[in-house]
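Morning, everyone. I have one chain to take you through today. Please have the viewer open while I talk.

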Amino acid sequence: AGVADAYLPEEPSDVEAELTEWSRVHWKAMRERRAVIRKMMGELEEHPHMNACLGDGWKKTHAALDRYLLRLKERGDINPDVSLTTAVAMLTGTLFADAMGRDIKKHTFPAERT
């Protein structure tokens, strides 16, 4: 399954299952591409124009998650005081850190489930 297979429905129903599957698909896609992502990140300082390539995927990911969480907030399932921008950054940042760092800092991340 690729990132394109990650789907958040227009109308959330089983939020835990939907967010878990969405997170799993995104984590797995980043994990499978971690070598390329690391190389691109390492080149950004000398080649800042590459940021557009990296940024497009992140923008789409953040936008999809933001829309989903906004629907939950609008129907009262999320406290109105919660910052969706922060929530999205926390979840995607955690997934990114795990996908990029699990093989380097094995003691930091819990054992993978198969």
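I'll go from confidence to helices, then the core, two tryptophans and the salt bridges.

This is a predicted model. So confidence comes up before anything else. Mean pLDDT for the chain is 85. Of its residues, 86% reach 70 or more. Among the helices, where is confidence lowest, and where is it highest? Helix 3, residues 51-74, is at the bottom with a mean of 85. Helix 1, residues 15-32, is at the top with 94. One general caution: where pLDDT is low, predicted coordinates should not be read in detail.

Now the layout. The chain has four helices and zero strands. Read from the N terminus, the order is α-α-α-α. There are 114 residues, and 32% of them count as buried. Accessible surface is about 7,800 Å². Carbon and sulfur atoms account for 57% of that surface. Take the contacts between residues at least 6 apart in sequence. Of those, 58% join residues at least 24 apart.

A geometry check on two helices. Helix 1 has 18 residues, and at 1.5 Å a residue they should span 26 Å. The end C-alpha atoms are 26 Å apart, so the span agrees. Helix 4 also has its own count of 18 residues. From first C-alpha to last, helix 4 reaches 25 Å, close to the expected 26 Å.

What do these two helices bury? In helix 1, the buried list includes Leu19, Trp22, Val25, Trp27, Ala29 and Met30. That list also holds Glu18, Ser23, His26 and Arg31. In helix 4, the buried residues include Leu84, Val88, Leu95, Phe96, Ala99 and Met100. Thr92, Asp98 and Gly101 are buried there as well.

On to the core. In soluble globular proteins, nonpolar side chains tend to be buried together. Here, the largest nonpolar core has 17 residues. Which members touch the most other members? They are Leu8, Met30, Leu65, Tyr68, Leu69 and Met100. Helix 1, helix 3 and helix 4 each give two or more residues to this core. Helix 4 gives the most, with six.

Stay on leucine 65 for a moment. Set aside residues up to four places away in sequence. Leucine 65 then touches Leu8, Leu19, Trp22, Val88, Leu91 and Thr92. Trp22 brings us to the tryptophans.

Tryptophan 22 is in helix 1. Is tryptophan 22 buried or exposed? Its relative accessible area is 2%, so tryptophan 22 is buried. Along the chain, tryptophan 22 and leucine 65 are 43 residues apart. Their C-alpha atoms are separated by 9.0 Å.

Tryptophan 58 sits in helix 3. Its relative accessibility is 29%, so tryptophan 58 counts as partly exposed. Leave out neighbours within four places in sequence. Tryptophan 58 is then in contact with Met30, Thr92 and Phe96. Take Thr92 from that set. Tryptophan 58 and threonine 92 are 34 residues apart in sequence, and 8.9 Å apart C-alpha to C-alpha. Thr92 is also a contact of leucine 65.

Last topic: charge pairs. How many salt bridges are there? The count comes to eight. I'll show three.

Number one pairs aspartate 103 with arginine 34, at 3.4 Å, N to O. Aspartate 103 is in the segment after helix 4, and arginine 34 is in helix 2, residues 34-43, so this pair ties together parts 69 residues apart in sequence. Aspartate 103 is partly exposed, at 27% relative accessibility. Arginine 34 is partly exposed too, at 22%.

Next, arginine 75 with aspartate 77. The closest N and O atoms are 2.3 Å apart. Arginine 75 is partly exposed at 37%, and aspartate 77 is partly exposed at 47%. Both belong to a salt-bridge network with Glu11.

Then arginine 102 with aspartate 98. The closest N and O atoms here are 2.7 Å apart. Are these partners buried or exposed? The cut-off for buried is under 20% relative accessible area. Arginine 102 is at 11%, so it is buried. Aspartate 98 is at 13%, so it counts as buried.

To recap: four helices, zero strands, a largest nonpolar core of 17 residues, and eight salt bridges. Over to you for questions.

Definitions and conventions: Residues numbered from 1 in each chain as written. Predicted model: local features only at pLDDT ≥ 70, side-chain atom pairs only at ≥ 80, totals over all residues. Heavy atoms only, no water. pLDDT = per-residue confidence, 0-100. Expected span 1.5 Å × (residues − 1). Buried < 20%, exposed > 50% of the residue type's maximum accessible area, 1.4 Å probe, protein only. Contact = heavy atoms within 4.5 Å. Salt bridge = Lys/Arg side-chain N within 4 Å of Asp/Glu carboxyl O. Areas by Shrake-Rupley, 256 points an atom, 1.4 Å probe, with all protein chains shown as cover. Core = buried A, V, L, I, M, F, W, Y, C linked by side-chain atoms within 4.5 Å.
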